[in-house]
Amino acid sequence: MQRNSKFPESKAKRGPIVLIGMMGVGKSTVGRRLAARLGLSFVDADEEIERAAGMSVSEIFARYGEAHFRDGERRVIARLMDGVPKVIATGGGAFMQDETRALILDHATTIWLDADIEVLVDRVSRREGRPLLKDRDPRIVLTELAAVRNPIYALAPIHVKSIAAPHEVAVDRILEQLTAWH
C-alpha cells in the first residue's frame, strides 16, 4: 500500500475514482463498498458495456473479438469520465489501452488494486464467464497477464494491495490512501 511518487500532488482529482487491476482482484466488490462508504454512486464499466451492447462481455468477445470489445469499452469509459464524483470499476484490460489509460489518468483518481497470483486464482475460480480464462489454466493466464500488465498498472498514482481477507480491509486501505492523496 503506497502512493506512487511519480505523480505530483496536483494530479489529485475530485471527480471519479477508478479502480484498475487484474481480474479477480475485487474491483467490483470493493468498488461497491467503497462507493457506499463515500456516499457516491458505483458504476461497473463491464456492466455498462453489456447494457450498451445488449450482450455479455463473453458474448462480445466470442462474436466480435477483443478489439471490438476494447473499442466499446473505451467509448463507455470516456462517457463515464464526466467529472462527476463516483466510483468506477474497470475490466482488467481497460487500462492497457493507451487512449483509455490516458482518459482515466487525466480525468479520475486512479487506484491500482493489486493482489498476489494465489489470491487471484482463488477468486477467479469462484466465478465463470471470464473470456481470457476460457479453456485455460487460470494460474498460467494470470501469471502471464500480470507480467505484462503490472508495469502499466503501476502508472496509477495510488497502489493498494488486496490480500486474502474480507474486502472491507481493501476498502479501509483505499480510504487511507485517498485521505493522504487528497
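**Entry 1: the far end**

I began with tryptophan 181, which sits in helix 8. The model I am reading is a predicted one. Is tryptophan 181 buried or exposed? Tryptophan 181 counts as buried, at 1% relative accessibility. I then looked up its distance to proline 157. The two C-alpha atoms lie 8.8 Å apart in space. In sequence, tryptophan 181 and proline 157 are 24 residues apart.

**Entry 2: the whole chain**

Next I stepped back to the overall layout. How many helices and strands does the protein chain have? I noted 8 helices and 6 strands. I wrote down their order along the sequence: β-β-α-β-α-α-α-β-α-β-α-α-β-α. The pattern opens with two strands and ends on a helix.

I looked up burial for the chain as a whole. The protein chain has 182 residues, and 48% of them count as buried. The accessible surface comes to about 8,800 Å². Carbon and sulfur atoms own 51% of that surface.

I also checked how far contacts reach along the sequence. I took contacts between residues at least 6 apart in sequence. Of these, 75% join residues at least 24 apart.

**Entry 3: isoleucine 17**

I moved to strand 2, residues 17-20, where isoleucine 17 is placed. Isoleucine 17 has a relative accessible area of 6%, so it is buried, the cut-off being under 20%. Which residues does isoleucine 17 touch, leaving aside its neighbours within four places in sequence? I listed Leu34, Leu38, Leu40, Lys86, Val87, Ile88, Thr109, Ile111 and Leu178. Of these, Leu34 and Leu38 fall within helix 1, residues 27-38. Leu178 falls within helix 8, residues 167-181.

I added one distance here. Isoleucine 17 and alanine 35 are 9.1 Å apart, C-alpha to C-alpha. Along the sequence, 18 residues separate isoleucine 17 from alanine 35.

**Entry 4: salt bridges between helix 1 and helix 8**

I turned to charged pairs. The structure holds 16 salt bridges. I looked up three of them in detail.

Glutamate 168 pairs with arginine 33, and their closest N and O atoms are 4.0 Å apart. Which helices does this pair link? Glutamate 168 is in helix 8 and arginine 33 is in helix 1, 135 residues apart. Glutamate 168 is partly exposed, with a relative accessible area of 31%. Arginine 33 is also partly exposed, at 34%.

Arginine 37 and aspartate 172 form a salt bridge too, at 2.6 Å from N to O. Arginine 37 lies in helix 1 and aspartate 172 in helix 8, again 135 residues apart. At 43% relative accessibility, arginine 37 counts as partly exposed. Aspartate 172, at 33%, counts as partly exposed as well.

**Entry 5: a salt bridge inside helix 4**

The third pair I opened is glutamate 73 with arginine 70, 3.0 Å from N to O. Where do these two residues lie? Both are in helix 4, 3 residues apart, about one turn of the helix. An α-helix has 3.6 residues a turn, so residues three or four places apart point the same way. I then checked their cover. Glutamate 73 is buried, at 0% relative accessibility. Arginine 70 is buried too, at 8%. Back between helix 1 and helix 8, shared partners join Arg33, Arg37, Glu168 and Asp172 into one salt-bridge network.

**Entry 6: the second largest pocket**

I looked for open space next. The second largest pocket has a volume of about 160 Å³. Which helices each supply at least two residues of its lining? I noted helix 2 (45-53), helix 3 (57-64) and helix 4 (66-80). Helix 4 gives the largest share, 5 residues.

The lining residues are Ile49, Ala52, Ala53, Met55, Ile60, Tyr64, His68, Phe69, Gly72, Arg75 and Val76. I sorted them by class and got 8 nonpolar, 2 polar and 1 charged.

**Entry 7: helix 6**

My last stop was helix 6, residues 117-124. Which of its residues are buried? They are Val119, Leu120, Val121, Arg123 and Val124. I checked what these buried residues pack against. The partners are helix 7 (138-153) and helix 8 (167-181). Helix 8 is also where my notes began, with tryptophan 181.

Note on methods: Residues are numbered from 1 along each chain as its sequence is written. This is a predicted model: local features need pLDDT of at least 70, side-chain atom pairs count only at pLDDT 80 or more; totals for chains, interfaces and linings use all residues. Side-chain values use heavy atoms; hydrogens and water are left out. On a 1 Å grid over the protein atoms alone, a cavity is a set of points where a 1.4 Å probe fits but cannot get out, and a pocket is an open set with protein on both sides within 12 Å along at least five of seven lines; lining residues have an atom within 4 Å of a point. Grid points are joined across faces, edges and corners, and a volume is the space filled by probe spheres set on the points. Helices (H or I, at least four residues) and strands (E, at least two) are DSSP runs, numbered from the N terminus. Ala, Val, Leu, Ile, Met, Phe, Trp, Tyr, Cys and Pro count as nonpolar, Asp, Glu, Lys and Arg as charged, and the others, Gly among them, as polar. Buried means under 20% relative accessible area, exposed over 50%, partly exposed in between (1.4 Å probe, protein chains only). Contact means heavy atoms within 4.5 Å. Accessible areas come from the Shrake-Rupley method with a 1.4 Å probe; for residues, only the protein chains shown count as cover. A salt bridge is a side-chain nitrogen of Lys or Arg within 4 Å of a carboxyl oxygen of Asp or Glu.
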